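User: Hi! Could you walk me through this one while I have it open?

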Amino acid sequence: MATGRNHRPATNRSRGIPEATVARLPLYLRALTALSERSVPTVSSEELATAAGVNSAKLRKDFSYLGSYGTRGVGYDVEYLVYQISRELGLTQDWPVAIVGIGNLGAALANYGGFASRGFRVASLIDADPAMTGRTVAGIRVDHTDELEKIIADNGVSIGVIATPAGAAQQVCDRLVAAGVTSILNFAPTVLSVPGGVDVRKVDLSIELQILAFHEQRKAGEEAPPEEETAPPAAPPAVAVSKRPDSGPDGDVPAVMPA
């Protein structure tokens with residue numbers, strides 16, 4: 001199997017595939033993989049779109065960039081599409097991944113079993129804490145950040161995962177890029193600055209939760225019962241007047257006069 005650093009396929013940009021389509025390809029692949037595991041041979045665009053959470057017109061447009069239009073009345077061949085999308089995403093290769101920052105999140109990522117089945121191999125775990133050096137997480141030895149550049153070179157890593165605190169993320173990013181890493185998945189709650197040619201994908205769990213909180217608040221507002229209508233305030237009572245012999249020419253004066 002080819003490795004990521006030395007065998008790069010034509011990029012999606014060079015093939016003219018829009019970034020929005022690229023972002024949806026993993027959704028299609030996940031839905032197709034589930035169908036494949038159930039031994040479903042074909043799927044219609046409507047069924048696949050529903051499973052992926054998009055509309056069928058958008059799905060057909062996305063697949064047109066891959067050169068796959070399906071068969072009218074039959075649908076799409078599930079196994080063929082799994083291979084086609086996997087190849088387009090580069091998942092038919094072996095992509096060595098380095099995870100930097102082996103705290104709770106980094107350790108959880110290292111133990112995630114979905115990497116291997118999707119073409120990614122956790123090749124190295126790196127942490128700045130000397131107490132972590134030499135420990136084993138998910139069957140992989142943790143190395144110190146002092147060895148970062150050597151580890152990247154020795155393992156041919158082109159994808160780095162940053163799971164450090166925010167304050168350390170940019171320095172780690174700079175070192176990864178200088179060592180030859182060209183794609184970074186950032187879990188640190190900060191925005192990274194990278195040179196051209198380096199791709200960064202950011203995963204910020206707190207932002208996602210805040211977005212969900214916004215929608216929850218809006219739904220709660222829509223579900224709240226309407227306020228009861230209240231009667232408008234009564235008009236002030238009219239001022240009573242009386243006639244007095246010494247009133248003005250019109251004969252009208254207030255009933256209560258100042259002393």
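Analyst: Happy to. A term to start with: buried means under 20% relative accessible area. Keep in mind as we go that this is a predicted model.

User: Thanks! Is Asp62 buried or exposed, then?

Analyst: Asp62 counts as buried, because its relative accessibility is 2% and the limit for that word is 20%. You'll find Asp62 in helix α4.

User: An acid in there, okay. What does Asp62 touch?

Analyst: Setting aside residues up to four places away in sequence, Asp62 touches Thr21, Arg24 and Tyr28.

User: Which side chains does Asp62 make polar contacts with?

Analyst: There is one with the side chain of Thr21, at 2.8 Å, and one with the side chain of Tyr28, at 2.6 Å. For the backbone, the C-alpha atoms of Asp62 and Ala20 are separated by 9.0 Å, and these two residues are 42 apart along the chain.

User: Tyr28 again! What about the largest nonpolar core: how many residues are in it?

Analyst: That core has 22 residues, and Tyr28 is one of those that touch the most other members, along with Leu32, Val43, Leu48, Leu59, Phe63 and Ile85. Helices α2, α3 (45-52), α4 (56-64) and α5 (78-88) each supply at least two of its residues. The largest share, seven residues, comes from α2.

User: And what does Ile85 touch?

Analyst: Leaving out residues up to four places away in sequence, Ile85 touches Leu25, Tyr28, Leu29, Leu32, Phe63 and Leu66. Apart from this core lies another, of 20 residues, including Ala98, Leu148, Ala169 and Val198.

User: Switching to the sheet: in what order do the strands run?

Analyst: The order is β5-β6-β4-β3-β7-β8-β9, which makes an open sheet of seven strands with mixed pairing. At the edges are β5 and β9 (199-202), each pairing on one side only.

User: How does β5 pair with β6, parallel or antiparallel?

Analyst: Antiparallel, over two bridges. Val137 has Ile140 of β6 as its bridge partner.

User: Which helices pack on the sheet?

Analyst: Helix α8 (residues 148-155) packs on it and touches β3 (95-100), β4 (120-127) and β6, with its direction at about 165° to that of β4. Helix α9 (residues 166-178) packs on it too, touching β3, β7 (159-162) and β8, and its direction makes about 170° with that of β7.

User: Nice. Since you mention β8, where does Asn186 sit?

Analyst: Asn186 is in strand β8, which covers residues 183-186. With 1% relative accessibility, Asn186 counts as buried. Its side chain reaches the backbone nitrogen of Ala188 at 2.9 Å. Beyond neighbours within four places in sequence, Asn186 is in contact with Ile162, Leu192, Val200, Arg201, Lys202 and Val203.

User: Last topic, backbone angles. Which residues have a positive phi without being glycine?

Analyst: Ser39 has a positive phi of about 60°, and Ala138 has one of about 55°. Those signs are worth a look because most residues other than glycine have a negative phi.

User: Where are they, and how exposed is each?

Analyst: Ser39 is in the loop between α2 (19-37) and β1 (42-43), and is exposed, with a relative accessible area of 63%. Ala138 lies in the loop between β5 (136-137) and β6 (140-144); at 39% relative accessible area, Ala138 is partly exposed.

Key. Residues numbered from 1 in each chain as written. Predicted model: local features only at pLDDT ≥ 70, side-chain atom pairs only at ≥ 80, totals over all residues. Heavy atoms only, no water. Helix = DSSP H or I, 4+ residues; strand = E, 2+ residues; numbered from the N terminus. Buried < 20%, exposed > 50% of the residue type's maximum accessible area, 1.4 Å probe, protein only. Polar contact = N/O pair within 3.5 Å; in protein donor to acceptor, adjacent residues only side chain to side chain. Contact = heavy atoms within 4.5 Å. Pairing = 2+ DSSP bridges. Axes fitted to C-alpha atoms, helices over the stretch in contact; angles between N-to-C directions. Core = buried A, V, L, I, M, F, W, Y, C linked by side-chain atoms within 4.5 Å.
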